[in-house]
Structures are given as structure tokens and as C-alpha cells.
Amino acid sequence: MTGAKQLWLSLIGVNVLVIGGIAYSALAPGASTKAMLLPGKTSHGHYQIEMRCDLCHTEGSGLREDACTSCHAEELRLAKDTHPASKFNDPTNAELLSVLDAKNCVTCHREHVEEQTLDMGLTMPADYCFHCHQETLETRPSHADFKFDSCATTGCHNYHDNRALYENFLLKHADEDAFLEEMVGLKRSPLSAVTDEALSKADADGLAELSMTDSLGDVTLLNDWATTAHASAGVNCSGCHLELSEDKAVESTTLDGTWNRDVSVQTCGRCHEGQMETFFEGHHGMRLAAGLSPMTPRDARLSMHVDASHRELDCNACHSGHRFDTKFASVEACLTCHNDTHSQSFLATSHHAAWKSELAGEAPAGSGVSCATCHMPRMEDDDGNVWVNHNQNDNLRPNEKMIRDVCMECHGLAFSIDALADEALIQNCFAETPSVHIESIDLAKARFEEKQRKKEARSKKK
């Protein structure tokens, strides 16, 4: 940079440092650096980790194909991916690959191309179905008038995840009522009673240490802790606050480690491994998983409350210690940060009314619907244990992923498909009934009936 240019920049009040030919401005710390380094705007799925270029790129080798599968392979496996790369190893598909190399994720999905990024948060060719499925127009007359780029219309087809949209599933649930008589969701086991033994272990195991470091004092903290699942399970102060060396058992009850006032996500993950892993996969935790600073609401692209801007997102952001109140975490914790139309509209819905009835003891446990009910659904592991998926993005895009593990706990399939296709309904947080109708089930039924007629006609000829 010439001396004249440096002088001019200093006169207008801009401090610039040049490293390796790239200028870094102090006018807007961080923002200008990103604008200069990134080739284009990052999608909403990856923008939180956009400063970790090495997660997707290898210096000198460009974009790594395994960068996609390292994060999304398990998700595709659970979805029973209808278009896995292995499908295209079949030599009979060689001609199709000459048009669209479907074995590579980056053929369709690219980053930093804002003008080609769709609402679902990724780039995708508009006609990618058409190239391989032109015969559908001949074999299915019902599709003859559909536009070539309408296959992925909400409620119709998804390239990878069709768990709630494949034909047999549509037929199986075709005639369900819009509202089921009762919820069919998973329920967690009730907590065991807090025992005097558990309370005595807490008193003997760290409260003296804690009282010296916490102005609240041990009585308040003990009372908070005593109402939690931790107390009922006998997990006391050192179980969370004592950092043990690798050769020490987690169950150690002596203060022979390093006492930490703050509790990390990894510490919670000692007992809540599934919750920790799924937290790291979602927007709330993906920065921590990438070795970056925690996400804060000011980093979000959705509208957030200004007074929550600097709140760092970790386990305690929603489960405030030492109560770890899951009811608070289910609604109030979300609305403390989220200020978008969808989130704030929840309070005026029948879902929220059902949630309040449950909390008031006027309705059965598990009958209410909270933010977490839909965005952090319960899962069951191989041992029959029920736990909560903490990846709050898991079933959002495409939103049909929400049908099987959320919507159909209370609603019929047709109602669920229509509701998720109604953008206005999404914005008011499903405060009304759907005003749009998707033909997927109608088409599946018509095709089945046509096949039955043909089968009967063949039988008569014999």
C-alpha cells in the first residue's frame, strides 16, 4: 500500500492492516474481514461456522467431498436416502450420470452462491428431477400438466428424505382424521423420589467448596438442586463441578480434582451423550463443535430480542443451573431469545393453551404442545430409553421431516402435509387450520385404484 493511500485512509478515520495482500479494516471488526475473505454469502445452514474454512476446504485441493458426509451421513442413513451415491454405481445409470453427476454432493449443492440458494438453504438445480424421470409424464398421466421444476413442491417429493411421502406410506395413512383422539407420542419415565441419602451426599460433597465461591450460599443452591432429576439420581455437586483427571472415576466423591464454577457442555455430555451430540449438530451448538466461541443471538439471522444479544448458548442457556427446569426450557427459554413472527405467535395458539393446561394439572402429562415438542422431539434408543433430540434444526428443512416424529402424534397425514405447505399458517404458528391442499395422497389413491381396476380387468379376461 502506498504512503499516499495510507495517509488518505487515516484522514477518513479508517485503520487498515494489510496481510498477504488482503486488507483488514477496523471500521467494523469482523464484518469487513468476512466480506473480504468469503467468495459470497454463506447459507443459513453453514454461516455460523463460515470462519472455519478448513471444515470444508483443503488448502490446494479445493472442496472436500467428505466434508458433506462427515456431518450429514448419519442423517441420510436415518432417512433411508432414496438417492444414495451407491445407487449410481450401477452401470445402467452411466448415461444419467453424464447429465448430472449424482454421486457427488457438490454437483447440486454449493456454498457462497446466494443468487442460486433456495429457501431450503442450499443450492439446487431447478430441473434436477426432470433429467432422469421424463418417463413419469408417460407412465403417470396425472403428472402430465405439472411443471418440470415442481417435483420438490412441499408435500410432493424430496430427493433424499421421503419418509413421510413415499406412495405406500401415503396410502396407509390416507383416510386418517385431521385430529387424532389422543396423542401417540413418546413419554419419559417419571422421576424417582428425592431421598435423604442423596441430599446428604450433596451436603458432604462440595457445598463447603461452593459456598466459598458462590454469593448465593449453599442453602439456595441445595434447595434448587433437590427438586431436579440430578438429585433423584444421586448426582451431586462434584458430579458436575469437579473436573477429574482421566484416571479418576466420574463417580468419585472426593474433592481431588479441579473445582470448576462453570460447567461445560462436555461435562453434561458425560451422562447426556445423545443430547450433547445432537446439540453440537444444530445451530445452537455447531460453533462450539467447530472449536469457535459459543453462538449468541446477535449472530442469528432470525429476529431476536435485543436484550438477549450477548447470551452465550450452551446447556445453561436453556437449563439454568441448578434447577435445570425442562418446562422452562420448553417454551420460556426459547422466547427469551426468539422474536420472529412464528415464535411469538405461539402464545396465541391452541398448542400453547394445551401446554398451559398441562402445566396447571388440568390435562394429562404429555398432552401439551411446547416449542420443544415440535423442534426438539423425543427419541427412543435401542434400550427403550426416551430422550430429547437437541438438534433443533433436525426436522426443519425440508419441513416434511417433521411429519412422522411430530405432526402425526396428534394429526392425520393429510392434515399434516397441508399444514406444512401453508406458509401463512407457519408464520402464525399453526393457529388455524390449513388453507391449502396438496394432492399427494389424492394422486396415490387414484393410482392405486387405477391399478386395481386394471388387475380386475385382467382377471375377467382369464
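**Cores, a pocket and unpaired cysteines**

The largest nonpolar core has 18 residues, and the members that touch the most others are Leu170, Met402, Ile403, Leu413 and Ile417. Helices H6, H21 (402–405), H22 (413–421) and H24 each put at least two residues into this core, with H22 giving the most, three residues. As a bit of background, nonpolar side chains in soluble globular proteins tend to be buried together. It should be said up front that the model is a predicted one.

Met402 makes a handy entry point to this region. Setting aside neighbours within four places in sequence, Met402 is in contact with Cys374, His375, Asn395, Leu396, Cys407 and Leu420. Apart from the core described above lies another one, of nine residues, including Phe88, Leu100, Tyr128 and Cys129.

Two of the contacts of Met402, Cys374 and Cys407, come up again when disulfides are counted. That count comes to zero. Cys271 is in no disulfide, and its nearest cysteine sulfur, in Cys240, sits 7.3 Å away. Why does Cys374 lack a bond to Cys407? The two sulfurs are 6.7 Å apart, which is too far for a bond, although Cys407 holds the closest cysteine sulfur to that of Cys374. As for burial, Cys271 counts as exposed because its relative accessibility is 59%, over the 50% cut-off. Cys374, on the other hand, has a relative accessible area of 19% and so is buried, as the limit is under 20%.

Cys240 also turns up next to Thr267, a residue of helix H12 (residues 265–268). Not counting residues up to four places away in sequence, Thr267 touches Gly239 and Cys240. Between Thr267 and Cys240 there are 6.4 Å in space, C-alpha to C-alpha, for a separation of 27 residues in sequence. Thr267 has a relative accessible area of 15%, so this residue is buried.

Then there is the open space. The second largest pocket holds about 1400 Å³. Its lining runs to 49 residues, and those that lie nearest the pocket centre are Thr136, Arg140, His143, Cys151 and His157. Sorted by class, the lining comes out as 23 nonpolar, 16 polar and ten charged residues. At least two lining residues apiece come from helices H4 (94–97), H5 (136–139), H6 (167–172) and H24 (440–461). H24 has the largest share, with eight residues. Both H6 and H24 thus appear in the pocket lining as well as in the largest nonpolar core.

How values were computed. Residues numbered from 1 in each chain as written. Predicted model: local features only at pLDDT ≥ 70, side-chain atom pairs only at ≥ 80, totals over all residues. Heavy atoms only, no water. 1 Å grid on protein atoms, 1.4 Å probe; cavity = no way out; pocket = protein on both sides within 12 Å on 5 of 7 lines; lining within 4 Å. Points joined across faces, edges and corners; volume = space filled by probe spheres on them. Helix = DSSP H or I, 4+ residues; strand = E, 2+ residues; numbered from the N terminus. Nonpolar A, V, L, I, M, F, W, Y, C, P; charged D, E, K, R; others polar. Core = buried A, V, L, I, M, F, W, Y, C linked by side-chain atoms within 4.5 Å. Buried < 20%, exposed > 50% of the residue type's maximum accessible area, 1.4 Å probe, protein only. Contact = heavy atoms within 4.5 Å. Disulfide = S-S within 2.5 Å.
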